[in-house]
Amino acid sequence: TKRVAIFLSGGGSNMRALVEDMTGDHPARPCVVVSNVADAGGIAWAKERGIPTEVVDHKPFAGDRAAFENELTARLMPHAPDIICLAGFMRKLTGGFTDAWAGRMINIHPSLLPRYKGLHTHARALEAGDTQHGCTVHEVTAALDDGPILGQATIPVMAGDTPEDLAARVLVQEHRLYPAVLRRFASGNRDLLMLES
Ligand code: GAR
């Protein structure tokens, strides 16, 4: 059974979807939830469930990303993870960290990569007049939102949609896509998974 560390910065709805799927015949189990934000909703939920948690606040490191990542590693390793899932973890990770986890760390991003790396993906898709939008799970490399794509889920963009409308409909798809990709990834399957809504 693979041990999965989940990193988040917020409410952790994707973390919850992953944890709730990791039962029964699933090839993985959660071993720790890590956050850079002490009062992240996802940390409270994990604690209630009896999942170990670690909080590493980035602010005392004052932009020293290497020192922040060294502390992340120090707190992570006792949990002996095999796989890291980034689930709304809003700190960029440098090559020092991503190279150590190459092929073993995945992320979910709220756009159809390679479109709209970075922030404000829903507003950017609307501005571009896209008729399709969605989310992507990919392997994490040193370049932001740029590693090999493992799966995507699409939604149609409708007339009058706001960024909030898209965010809500994409999030529903994230909760389908991420658990489905993790199941496959944890058993060594990196074939592209495409889901339609
Ligand atoms: C999700 O929409 C995720 O795709 C996005 O943050 C949200 C986290 O929600 N991630 C990024 O933007 C990564 N740059 P959650 O905390 O409810 O899972």
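Visitor: Which residues does Arg91 touch, not counting residues up to four places away in sequence?

Guide: One thing before that: this is a predicted model. Contacts with residues further off along the chain show what the fold brings together. Here Arg91 touches Asn36, His58, Arg65 and Phe68.

Visitor: Where does Arg91 lie?

Guide: Look in the loop between strand 4 (83-86) and helix 4 (95-100). That loop holds Arg91.

Visitor: With which side chain does the side chain of Arg91 make a polar contact?

Guide: Find His58. Its side chain makes a polar contact with the side chain of Arg91, at 3.4 Å.

Visitor: What does Arg91 count as, by its relative accessibility?

Guide: Use two cut-offs. Buried means under 20% relative accessible area, exposed means over 50%, and partly exposed lies in between. Arg91 has 27%, so it counts as partly exposed.

Visitor: What separates the C-alpha atoms of Arg91 and Leu8?

Guide: Compare two things: places along the chain, and distance in space. Arg91 and Leu8 are 83 residues apart along the chain. Their C-alpha atoms are separated by 9.3 Å.

Visitor: And Ala5, is it buried or exposed?

Guide: Ala5 is buried, with a relative accessible area of 0%. Its place is in strand 1. Leaving aside neighbours within four places in sequence, Ala5 is in contact with Cys31, Val32, Leu76, Pro81, Ile83, Ile84 and Cys85. Now try Gly95, which is 90 residues from Ala5 along the chain. Those two C-alpha atoms are separated by 19 Å.

Visitor: Let me step back. How many helices and strands does the protein chain have?

Guide: Count the elements, then read their order. The protein chain has six helices and eight strands. From the N terminus on, they run β-α-β-α-β-α-β-α-β-α-β-β-α-β.

Visitor: How compact is the protein chain for its length?

Guide: Compare its radius of gyration with a rule for globules. The radius of gyration is 16 Å, close to the 16 Å that the globule rule gives for 197 residues, so the chain is as compact as a globular protein of that length. The C-alpha atoms fill a box of roughly 50 × 40 × 30 Å along the principal axes. Buried residues make up 46% of the 197 residues.

Visitor: Among contacts between residues at least 6 apart in sequence, what share joins residues at least 24 apart?

Guide: The share is 62% in this protein chain.

Visitor: What is special about the peptide bond between Leu113 and Pro114?

Guide: First the general idea. Most residues other than glycine have a negative phi, and most peptide bonds are trans. Now the case. A cis peptide bond joins Leu113 and Pro114, with omega about 15°. Pro114 sits in the loop between strand 5 (105-109) and helix 5 (121-127).

Visitor: Which residue in that loop has a positive phi although it is not a glycine?

Guide: Tyr116 does, with a phi of about 60°. Tyr116 also lies between strand 5 and helix 5. At 14% relative accessibility, it counts as buried.

Visitor: What is the phi of Asp145?

Guide: Phi of Asp145 is near 55°, a positive value in a residue other than glycine. Asp145 is found in the loop between strand 6 (132-139) and strand 7 (149-156). With 11% relative accessibility, Asp145 counts as buried.

Visitor: Strand 7, then. Is Gln152 buried or exposed?

Guide: Gln152 is buried, with a relative accessible area of 10%. It lies in strand 7. Beyond its neighbours within four places in sequence, its contacts include Leu112, Leu113, Cys135 and Leu177.

Visitor: Now helix 6. How far does helix 6 reach?

Guide: Take the first C-alpha and the last. Helix 6 (residues 163-186) has 24 residues and reaches 33 Å, close to the 34 Å expected at 1.5 Å a residue.

Visitor: Where does helix 6 bend?

Guide: Helix 6 bends at Glu174, by about 25°. Glu174 is one of the buried residues of helix 6, along with Leu177, Tyr178 and others. After the helix comes Gly188, whose phi is positive, near 90°.

Visitor: Last one. What do the buried residues of helix 1 pack against?

Guide: Start with the residues. In helix 1 (residues 13-21), Asn14, Met15, Ala17, Leu18 and Val19 are buried. The buried residues of helix 1 pack against several elements, including strand 1 (2-8), strand 2 (28-35), helix 2 (41-48) and helix 6.

Technical notes: Residues numbered from 1 in each chain as written. Predicted model: local features only at pLDDT ≥ 70, side-chain atom pairs only at ≥ 80, totals over all residues. Heavy atoms only, no water. Helix = DSSP H or I, 4+ residues; strand = E, 2+ residues; numbered from the N terminus. Expected span 1.5 Å × (residues − 1). Bend = angle between axes of the 7 residues up to and from the residue. Buried < 20%, exposed > 50% of the residue type's maximum accessible area, 1.4 Å probe, protein only. Rg over C-alpha atoms; globule rule 2.2 N^0.38 Å. Contact = heavy atoms within 4.5 Å. Polar contact = N/O pair within 3.5 Å; in protein donor to acceptor, adjacent residues only side chain to side chain.
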